[in-house]
Amino acid sequence: MIVTSIEQHTKTKVKVCLDNRTDFQLYKREIDKYGINEGEELFNYDEILNEVLIPRAKKRAMHLLEKMDRTKADIRSKLRRNGYPDEAINAAIEYIESYNYLNDERYAYMYVRNYCNSRSRNRIMQDLYRKGVDKDTINDAIESEYTVDEEELINMYIIKRGYDADNASMKDRDKMFRFLISKGFPLDEIQRLI
């Protein structure tokens, strides 16, 4: 592998780009330690990967899970944005999965439980899909955990926001309509209730 470029990324880190389209970040002192020079062959990539990148990716993945659960796709995306190559990302994900710290099914069930009293079934499904959870897992979690009557939920929002259908102006109606649409409720259900 040939080092095609070494670019300043932050004050202390540089981005190393290889001809096989692999990119990774190292501290400036590590560039010297591993003898990395632009335009030259990188013979010690495996050493850098195993000694620096994989341990650092594992630590970063653990840090990302400290405050909240995340999906596998979310961890992968964040590690990629942090400049880790795919081999390090895969190793980090495998590591945290081995301790059951990362579990998309558990995440989906918990997400549905936490948001079923404030979001529509459709909105929750979209949120989980965007977070990288597979359709079968989403459907199982919704089926198991979504126990709210959406009509009651819409009515709760109507009352909570002080909407009065009999005295509402067109502006008030549109505002309430947009709000309920943003929560993911079905169009026909909203029209019927407001």
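In this predicted model, the charged end of Arg29 lies over the ring of Tyr27, at 5.1 Å from the ring centre. Tyr27 has a further charged partner in Lys13, whose charged end sits over the ring at 5.2 Å from its centre. Tyr27 is thus a good place to begin a tour of the aromatic side chains, with Arg29 and Lys13 both placed over its ring.

Turning from charges to ring-ring contacts, the structure contains 7 aromatic pairs. One of them joins Tyr99 and Tyr101: the ring centres are 5.6 Å apart and the planes meet at 15°, so this pair is stacked, the angle being under 30 degrees. Tyr99 is partly exposed, with a relative accessibility of 48%, and Tyr101 is likewise partly exposed, at 38%. The two tyrosines also belong to a cluster, in which ring pairs link them with Tyr95.

Tyr157 and Phe179 offer another geometry to look at. Their ring centres lie 5.2 Å apart with the planes at 75°, and because this angle is over 60 degrees the pair counts as edge-to-face. The contact links distant parts of the chain, as Tyr157 belongs to helix α8 (residues 150-160) and Phe179 to helix α9 (residues 170-182), with their positions 22 residues apart in numbering. Tyr157 has a relative accessible area of 6%, which is under 20%, and therefore counts as buried. Phe179, at 15% relative accessibility, is buried as well.

Note on methods:
Residues are numbered from 1 along each chain as its sequence is written. This is a predicted model: local features need pLDDT of at least 70, side-chain atom pairs count only at pLDDT 80 or more; totals for chains, interfaces and linings use all residues. Side-chain values use heavy atoms; hydrogens and water are left out. Rings of Phe, Tyr and Trp (its six-membered ring) pair if their centres lie within 6.5 Å; planes under 30 degrees apart count as stacked, over 60 as edge-to-face and the rest as tilted. Buried means under 20% relative accessible area, exposed over 50%, partly exposed in between (1.4 Å probe, protein chains only). Helices (H or I, at least four residues) and strands (E, at least two) are DSSP runs, numbered from the N terminus. A charge sits over a ring if NZ of Lys or CZ of Arg is within 6 Å of the ring centre and within 35 degrees of the ring normal.
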